[in-house]
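Let's look at how a few labels in a structure are earned. Each answer sets a value beside its definition.

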Amino acid sequence: MACSFCFVDRAEGDHAVAPLIEKIQGFADEGSTHLIVSGGEPTIHPNLPQIIRAAKSMGFTTIEMQSNGVKSADMDYARSLVDAGLTMVTFSLHSIDPAKSDEITRLPNAFGKTVQAIHNFRELGILTQMACVITKSNYEELPEYVRFIRQEFPEDGGHMSICFAMVQGISDLVA
């Protein structure tokens, strides 16, 4: 995705695994038990399962990934992350209207994949939550957004929470 409100430098490539694992070990040595794997998009790193597996072996009790979910729409890939030790996923879902989602994220046809990924992880017993950045193109749908999430992902199907954030002045999406 290429959301205009995102602060991540998309030009920076994947980091080598050894320094990442060394940095994660440093967090573990300091007593951290909750690791958040983010990016850009962490699932594009070819060694993500290895990184998660290493974090689990270091004693992290919560390993959270922040993701757009596109790659995890493939159940086998989602399962590989869970098998490695992933325990929680925060999804970027900024609109429930597929066209608005494309406009905000600048990634065509991603909405259905994100929704499928959420279903996949919930089926695998993973804690899931939504991150919705409020912009001038989606704020009017917020009541409908909450209803959609509640209907699409019922409480009895697993944990779900929604995080709303207001986009700051760095974006062309601010009213």
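This is a predicted model, in which local features need pLDDT of at least 70, side-chain atom pairs count only at pLDDT 80 or more, and totals for chains, interfaces and linings use all residues. Residues are numbered from 1 along each chain as its sequence is written, and side-chain values use heavy atoms, with hydrogens and water left out.

Q: What makes D76 and R79 a salt bridge?
A: A salt bridge needs a side-chain nitrogen of Lys or Arg within 4 Å of a carboxyl oxygen of Asp or Glu. The closest N and O atoms of D76 and R79 are 3.6 Å apart, so the pair fits the rule.

Q: How far apart are D76 and R79 in helix α3?
A: Helices here are DSSP runs (H or I, at least four residues), numbered from the N terminus. In α3 (residues 75-84), D76 and R79 are three residues apart, or about one helical turn.

Q: Why is E141 called buried or exposed?
A: Buried means under 20% relative accessible area, exposed over 50%, and partly exposed in between (1.4 Å probe, protein chains only). E141 has 6%, so E141 is buried. Its salt-bridge partner is K100, at 3.7 Å from N to O; K100, at 27%, is partly exposed.

Q: How do you know that the length of helix α5 agrees with its number of residues?
A: The expected span is 1.5 Å times one less than the number of residues. For the 13 residues of α5 (residues 111-123) that gives 18 Å, and the end C-alpha atoms are 19 Å apart, which agrees.

Definitions and conventions. Helix = DSSP H or I, 4+ residues; strand = E, 2+ residues; numbered from the N terminus.
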